[in-house]
Amino acid sequence: MSANPIDHADAFDTYLPIDIDDAELERILEKAELPALLAALAKLTGDTSLVPPSLKPPHTRKSFIPMPQGGLDEAQQKEARRLAFDAIRRYRDGEIQTPGHTDDAELRAIVSFLITRDFDDYRDLLIHEVADHDVGAPQWTLSELDPDRPFKVLIIGAGITGVVAAYRLKQAGVEHVVLEKNPEIGGTWWENTYPGCRLDTSNYAYSFSFAQKTDWPQKFSRQSEIQDYVLKVAHDYGVRDRIVFNTLVRSVIYDEEAGEWEVTAVTDGEVRVHRANVVISGTGQLNSPKLPNIEGMDSFAGASMHSARWNHDVSLKGKRVAIIGTGASAYQIAPAIADEVGKLEVFQRSAPWLLPTADYLDDISPELMWLFRHIPGYARWYRFWQFWLATEGRMPTVTADEGWSEEGSIGAINHAFRQELEAEFRRQLADRPDLIDKVIPTYPAGAKRLLRDNGQWSATLRKPHVDLVTEGIERIVPEGVVTADGVLHEVDVIAYATGFRADEFLADMEVRGRDGVEVHEYWDGDPRAYATMTVPGFPNFFICGGPNSAVAANGSAIFIVECSIEYILECIRTLVVKRLKDMEPTDAATDAFVGKIDRANRARAWGAEGVTSWYRNKTGRVSAVWPFELLEFWNMTRGPAEGDYRFTPLGELTTQAAE
Ligand code: NAP
């Protein structure tokens, strides 16, 4: 293994010595998340009796909604606390030696305790996620591979992708530049500042594997918290100086002869041309706000704004406000502004499914925080636990059964899941039958993004000055919104929480590959990519967050980004080691990949007939989301399958197949 050019010992956790007495420890353990704690302690002590089968979390056997403590009952929790107490006490008192090394048998016992899938499948992914060193770092540097090869990478966008890509390229010693249209790093977290904006995936999973943080103030942190984190990582890991801000990329054109991309961008009004061997697009799927096409929108006399372009100069105090849309953004905005406004009308076209999450808005308790700061590895195992609960463990709930015909669901588990979610609506709104029918979606659970809910949605809707309007919008007039029943809803402010042009990958950018073919013309409204990242005819061009890469059953987009960048680094290594000018996927491999994706998406809730969402493009094909478990994304991104690519050797102009 080569040495990394960057030394950053501060990347990894440091733990404080334990200096509390038994009584205090017992008190703290009342607030522990037990399954991950037992896993961490078993790893720390090498004692797998801390993860006995009798305490294995039952997961979905009791409920399809994630349950506190993984569904352990009271007696099991008591026993788990007893085991944890004993282990931490012995660790505190120096009675056990920490082995510092875990063999596969121990790891197998620990992982098999937490998850319901085969350890061997998850082993490498798990190590990437919980190891105490940066497992995702490239194991090579350009100067080792080929010191004479001039090689430059250009990254579009300094959001999550830009930060990861710049860091990994820096580790590999590959020259790079990041062009960012905004004046600051952060991408979606810089742009989305609407009231109530926060994560709906656990922070412990939604964070960089190489810069994990043990002290998130909340499990689902606020926008400012995440933005600060991204800024800090960019600063601490030294990627900021490679970013050119206020730079909007206009065109990306391949120079076949030179094997270089010519990127034209406008920086502070001045047009500049950049050249690079490889281009990575990190502009994301949810980058271009989508305003609806409603008659009369321009005639509105009050203030209006899109959720991703929130105008904080517009005071909402005492105002009559309309929110159009009830997706993830509207769901966060409405409760956040309800108490400030004079009247709130939420215009709903389709109701969202809500995933009961009691601690959605809660602070991490001081006790749990104490455990994260004092028990080595606990936050990392908690990360893996959250990863499991939020994605892999949830896939069965969105999977179709062949021949299932019941309306509103796609299979037996999905049906049972629906019933549980529906029961929660009915429980919360038992005294408001008028709202119940409006809020229960007609489409299968999981077909659109599930929104985490601690009851705030129904609490908002039941406020006397809040109305949920389900009548369709007919037009907008200077005074407000007119619905199909002819009612004029007079408002002072309209907030469009109407989503993004998610089906238009690489929006507003001209991308020309071989023979001058433009990528949007090539796609013709149906974006497709091999391995979600590469497109035939567009050599050395990688789309991070490309077609079919979004996680739908919730989960961490950062996981997808990190895997993708690791794959792209492997492609760069291939280009250098094999002395190639460029590489692009074959048509056959791309067709086969997309065919596999399409078949799988059809068997998911969001692929069900009649379901519409930003997951589908203009042709009706689901081109936004990844239909498999994250494990499959992990496996796919370990490196390019060479038979699936066409390579052009350096110094030759014609392409030739790899085989
Ligand atoms: P969205 O999910 O696409 O929701 C748009 C909403 O606007 C939907 O309710 C849609 O109704 C409605 N709408 C669109 N055009 C309309 C029209 N002409 N008339 C009436 N209603 C209209 O957009 P989003 O809420 O911004 O969320 C997009 C994605 O961003 C999410 O799925 C999520 O991945 C991400 N996000 C994440 C977070 C988070 O992590 N906390 C927060 C916000 C967003 P229909 O459903 O009927 O189309």
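Angles over 145 degrees between helix axes, taken between N-to-C directions, count as roughly antiparallel. In this predicted model, that cut-off applies to a pair of packed helices. Helix 2 (residues 34-45) and helix 4 (residues 104-114) pack at an angle of about 180°, and helix 2 and helix 4 are therefore roughly antiparallel to each other. Their axes lie 10 Å apart.

On the side of helix 2, the contact is made by Pro35, Ala36, Leu38, Ala39, Ala42 and Lys43. Helix 4 contributes Ile110, Phe113 and Leu114. Sorted by class, the contact between the two helices has 8 nonpolar residues, 1 charged residue and no polar ones.

The next site to look at is the ligand. It is surrounded by 22 residues, of which Arg198, Asp200, Ser329, Ser350 and Lys448 are the closest. By class, this shell divides into 9 nonpolar, 8 polar and 5 charged residues. Helix 10 (residues 328-337) gives the most to the shell around the ligand, with 3 residues.

Several side chains make polar contacts with oxygen atoms of the ligand, among them those of Asp200, Ser329 and Trp614. For Ser329, a polar side-chain atom lies 2.7 Å from a ligand oxygen. In the case of Asp200, an N or O atom of the side chain is 2.9 Å from an oxygen atom of the ligand. The side chain of Trp614 likewise has an N or O atom 2.9 Å from a ligand oxygen. Taken alone, the ligand exposes 910 Å², and the protein buries 83% of that area.

Definitions and conventions
Residues numbered from 1 in each chain as written. Predicted model: local features only at pLDDT ≥ 70, side-chain atom pairs only at ≥ 80, totals over all residues. Heavy atoms only, no water. Axes fitted to C-alpha atoms, helices over the stretch in contact; angles between N-to-C directions. Helix = DSSP H or I, 4+ residues; strand = E, 2+ residues; numbered from the N terminus. Parallel < 35°, antiparallel > 145°, perpendicular 65-115°, else oblique. Contact = heavy atoms within 4.5 Å. Nonpolar A, V, L, I, M, F, W, Y, C, P; charged D, E, K, R; others polar. Near = heavy atom within 4 Å. Polar contact = N/O pair within 3.5 Å; in protein donor to acceptor, adjacent residues only side chain to side chain. Areas by Shrake-Rupley, 256 points an atom, 1.4 Å probe, with all protein chains shown as cover.
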